[in-house]
Amino acid sequence: MNNLYLGVDIGSVSINIVAIDEENELVFKLYTRNSGNPIELVKEGLAKLREEIELENYKISGVGVTGSGRQLIAYVLGADTVKNEITAHARASTYYHPEAGTIFEIGGQDSKLIIVEDGIAVDFAMNTVCAAGTGSFLDHQAERLGVPIEEFGGLALEADRDVRIAGRCTVFAESDMISKQQYGFTKPEIINGLSEALVRNYMNNLVRNRVLEGEYIFQGGVAANIGIKAAFEEEIGAEVIVPEHHDVMGAIGIAMLAKRDVKRSGQESSFRGFDLTEQEFETTSFECEDCANNCEVIKVIADSKVIAVTGDRCGKWTASLIGDSAANANVEGSSEKEEKTAAKSSKKQDEDLNKNSEELEANLYKVDLEKEKQVMKELEELEKSDENKKEDNSLV
Amino acid sequence: MRLSFPYMGPTIVYAKLFELLGHDVVMPPKPDKEIIDLGVKYSPEFACFPFKVITGIYLKLMDKNLDALVTSGGHGPCRAGYYGEVHKKILQDLGHEVEIIVIDSPHDDYKYFYEVIKRLKGDSSWLQVGRVIKIVYELTKALDEIEKKIEILRAYNDKGTINKLWMQAQEDFYQIKNTAEIKEIKNKYLNKLIKFEDSIPVEAERYKIGIIGEIYVVMEESINNQIEEKVNRFGFEVERSQYLTNWIRENAFPFLDRDLEKIEKKGEEFIEIGIGGHAQGNIGHAINFKEEGFDGIIHLKPFGCLPELVSQSVMDDLSEKYEIPVLTISIDEQTADANVLTRVEAFLDMIREKNYREVM
């Protein structure tokens, strides 16, 4: 029986599922477009995994989920590790390329820059404004030009002339593109211009004044685009490496992190099993109106059984899930006792506290006594002068 | 006077202040989606985010028959100085007649400050005012002291339990009448928190994050995506550059020792002159956090805030020179919770990973 670790990356454009073994070898890899129903897609993905590998030989020993949709899917799967995609990408990248210095990661809706030193991420940046400089931007333009996104990159390399396209924003890029077409620029040239605009944008928004060092790794869905890769190489004047599994690096990274976490804690994976592919999932949310915080409370339901409650800040609803009233009663009973004993010693504690906090106050919030006296005196004078004025008025 | 004020941080403090001065206080609503939408709709598009939130709060208060809204001013080239006037104009254009009383720092204009206080004091005598201010200052100190504890303990304990205690404490403090009661309630909650203190690990295993930035987004959790709770959730302690005590010390009390200035002066290394807001001070606080052994800085910048845009641009140099990681987050009504969470989590992961390497 070999251990298998699942990594799931719920991105805005794609959903990726991988399984790695103890030696971090890729046993299963799936890249699908996110058509807007992540739970169904993950269920389908798992079903595929079950078909493709002989499960009798393997045991799912850890599950990690990353990507912008990670929270919900983590509940659905019973994940051991839920982490952001930056950490996951850095992990996978530094595993395959230990000499990596700079990681460019361009996904569907965000682009990231990760600076690595000695295999550890030391700095990162993520796009802050909008779709400019991401896969969605290219997707949109490809559609506009009637070129399948898969051929987009190759076409850019056929360009003869340079054309500068305003790439700050998708909409402005579009109007600029139309106007440049009138000048007689060809499709490949326009596409090349767009690729350069994307890289320029990336450099201006993410890299800013950072000094980049090699090796340069380029991953994420957009790394499949050789036009963008070429544009990056031209911009930094060095070779850019695209890893073999560039499109699922986030999923590989999170699977590795799940493996680490499970090993460290020494506990069994909380994976909910392959039966979950048969279950129906549902999420509901409501606004709790108990206090001014108005928390948005989210419930995750599997086959009409609540499996997770989240979003409340005081813990009221999350605690309701535990539902084990006996356990609750126990906790309350003991805390009452504690409070009683606490009450006895509280007087002494109070004194100590007073002393402590007085010292703290004396250090933290110094009051200039001389000045305070002076101000109080001024205040008294002010009051007197006010009274005098009133008398003056009454005379008038 | 029947009055209200913008919602920022522990509002009970301002409420108590005006209540003790004999005013009829209307509690402002806590900013939520509806208020922010309202504010965005009726504010100039290019105004900074706190301005828009406050517009929303004011508009929401308009059916409460207020005589006046009391707010603080700003100094230097920051737009906060115009808030009062512009808000008044917006409210007028929408057909609401209400006075806006702006409390500017006494250090800028001593006389004007007294004029304003004279209006606000109503029938109370000056000595009474002195006493009220003292109570309110004590209250603020007590609140800040407990909150600083909360910001540490929440990193190591169940967040719900600690949050609940903090909410209860704020409610209890609202009932106080004198300084003795403040002390009593403060001790009550400090005692309750004591049993959680065992959870704090040894110094070498503690991670601390300093939060700096524009005062409104730093102080008001309902618009900064509860950044402190997010940081706490990953087992990191937090401390802010801004607490209400600081604000009162800078803006309301002429007799307090201004030792904060020493911290803020450190900012001159990167921003030579005062450019308004808390830009220079924030840089000073960032350096101070590093000196106090903090592991990272989160810099909150409202979208459209000029001073913080300038301080963001010097963060790279600061981060390099003082060897402290800095994460800048821009905040406005478009900020999505998931995006903030991803960035904060990655940032904290990075800090932790720096300190150990695990065997793969």
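**Exercise 1.** Which residue of β10(A) does A:I217 stand opposite? Place the strand that carries A:I217 in its surroundings, using this predicted model.

*Solution.*
Step 1. Begin with the strand itself: β9(A) spans residues 216-219. A:I217 and A:Q219 point one way from the strand, A:Y216 and A:F218 point the other way, and all are buried.

Step 2. Turn to the pairing with β10(A), residues 240-241. This strand runs parallel to β9(A), and 2 bridges join them. Opposite A:I217 stands A:I241, which answers the opening question.

Step 3. Consider the connection. Helix α8 of chain A, residues 226-236, forms a right-handed β-α-β unit together with β9(A) and β10(A).

Step 4. Examine the pairing with β6(A), residues 102-106. Here 4 bridges are found, again in the parallel sense. A:F218 is the bridge partner of A:F104.

**Exercise 2.** Describe the side of domain 1 of chain B that touches domain 2 of chain B.

*Solution.*
Step 1. Set the bounds: in the domain assignment of chain B, domain 1 covers 2-124, domain 2 covers 129-154 + 157-199, and domain 3 covers 201-360.

Step 2. Relate the two domains. The C-alpha centres of domains 1 and 2 of chain B are separated by 26 Å, and 10 residues of domain 1 are in contact with 10 residues of domain 2.

Step 3. Identify the contributors on the domain 1 side. Two or more residues each come from α1 (12-20) and α5 (110-121) of chain B. The largest share, 5 residues, belongs to α1(B).

Step 4. Classify this side of domain 1: it has 7 nonpolar, 1 polar and 2 charged residues.

Definitions and conventions:
Residues are numbered from 1 along each chain as its sequence is written. Chains are lettered from A and ligands numbered from 1 in the order in which they are written. This is a predicted model: local features need pLDDT of at least 70, side-chain atom pairs count only at pLDDT 80 or more; totals for chains, interfaces and linings use all residues. Domain bounds come from an automatic or database domain assignment. Two residues are in contact if their C-beta atoms, placed from the backbone, lie within 7 Å. Ala, Val, Leu, Ile, Met, Phe, Trp, Tyr, Cys and Pro count as nonpolar, Asp, Glu, Lys and Arg as charged, and the others, Gly among them, as polar. A residue is buried if 20 or more other C-beta atoms lie within 10 Å of its own, exposed if 12 or fewer, and partly exposed in between; C-beta atoms are placed from the backbone. Two strands pair if DSSP finds at least two bridges between them. A crossover is right-handed if, with the strands pointing away from the viewer, the path from the first strand over the helix to the second runs clockwise.
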